[in-house]
Amino acid sequence: MSLPYESITNGFQTARVDAGTYIEYPFTHEGDVTAKIYHIICVVNDVNYSPIGLDTPLGESAGFTGLATGYANASAFHVGDFNRQKLDGGLVRFDRRFATIPATRSNILTGTTAYTYPGMANSSGGTTSTITGISGNDTVTASTAAVIGDTVSIQLTTEDSSGVTLTSGGDYIALAGTGSSQVVVAGLASLGTFVSGSITVAPHSVRKPLNLSAGSFTTYSYSMPDNFNDVTLTDVFKPSSLTLTSGTVPTSTEYQALIDDDEETGYLTISSEVTKYAGNIIQKADVKIKAL
């Protein structure tokens, strides 16, 4: 219902707290009963409406009169005026809101998230050895741990009959030579007289990278910094390779320990983002999933 007309002389030069004022508890469904948003419903002459600065604490100095006992809260800060409505008699009604800085809410189940988990390999792969010679178009002499079926990367430097240096290379499958100093491959390019070379054995995959959807948990934390750039994001899990070995970060052994860890330390932070919660209060959301 619209309020009856009152003249400026009847006291609407300053906003008055009106019926409908209430306190919202935004996170009770997630166990937080302390975070509050105060909806201070105000009425003022349209010509006298004046916004107040963000971060102004909730009290009688917050641009209105008639605040009910128990509402003043120096830890609730102005986050904006909302829902301005024109009333009869040249009045406006609006919702002047104040919010406390919510406490951290940890490990809130937020659904499922698709994620590519790293593969893992044993420690015998990933090593590079010097080639000391080649023979024919299929045999490389080198001290290497390559076994039948391994993928090997071969890089060669040769000279042609005119003394011109040539380079060649590629990935091959080891066909023979298990446990010896020679590795047999098919289709090795022989472009001239051997000069030098190297052979790298690909890691022996224990498992390939996994594309799975897993339950995700989010930790929300809040602050009111002087500058949004002052907020430090949480380090996100970023393996140095999609196939973990003894030489990656983390190593395959370290990652296996995360898989075996059923405590919170066995979870991976996969994203860390900052958004505005209300006014100058910001929210940081860290999403975690279990290492698999």
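This short talk covers one sheet and one loop residue in a predicted model.

Start with the sheet. Six strands make it up, and the sheet is open. The order is β13-β12-β15-β10-β11-β14, with antiparallel pairing. Who stands at the edges? β13 and β14 (182-184) do. Each has a single partner strand, so one side of each lacks a neighbour in the sheet. From one strand to the next, the twist averages 30°.

Now take β12, residues 151-159. On one side, β12 runs antiparallel to β13 (residues 165-173), and nine bridges join the two. Look at Gln-155: it stands opposite Gly-169 in β13. The two strands form a hairpin, with five residues between them. In that turn, Gly-163 has a positive phi of about 85°.

β12 also pairs with β15, residues 193-201. That pairing is antiparallel too, over eight bridges. Here Glu-159 sits opposite Thr-193.

Next, the faces of β12. In a regular strand, side chains alternate between the two faces of the sheet. Which residues of β12 are on the covered face? Val-152, Ile-154, Leu-156 and Thr-158. The uncovered face carries Thr-151, Ser-153, Gln-155, Thr-157 and Glu-159.

One step further along: β15 pairs with β10 (residues 128-135), antiparallel, over three bridges. Thr-130 has Ser-198 of β15 as its bridge partner.

Last, Ser-246. Where is it? In the loop between β18 (243-244) and α1 (252-260). Ser-246 has a relative accessible area of 47%, so it counts as partly exposed. Lys-290 is 44 residues away along the chain, and the two C-alpha atoms are separated by 22 Å.

Technical notes. Residues are numbered from 1 along each chain as its sequence is written. This is a predicted model: local features need pLDDT of at least 70, side-chain atom pairs count only at pLDDT 80 or more; totals for chains, interfaces and linings use all residues. Side-chain values use heavy atoms; hydrogens and water are left out. Helices (H or I, at least four residues) and strands (E, at least two) are DSSP runs, numbered from the N terminus. Buried means under 20% relative accessible area, exposed over 50%, partly exposed in between (1.4 Å probe, protein chains only). Two strands pair if DSSP finds at least two bridges between them. Axes are lines fitted to C-alpha atoms, for helices over the stretch in contact, and angles run from 0 to 180 degrees between N-to-C directions.
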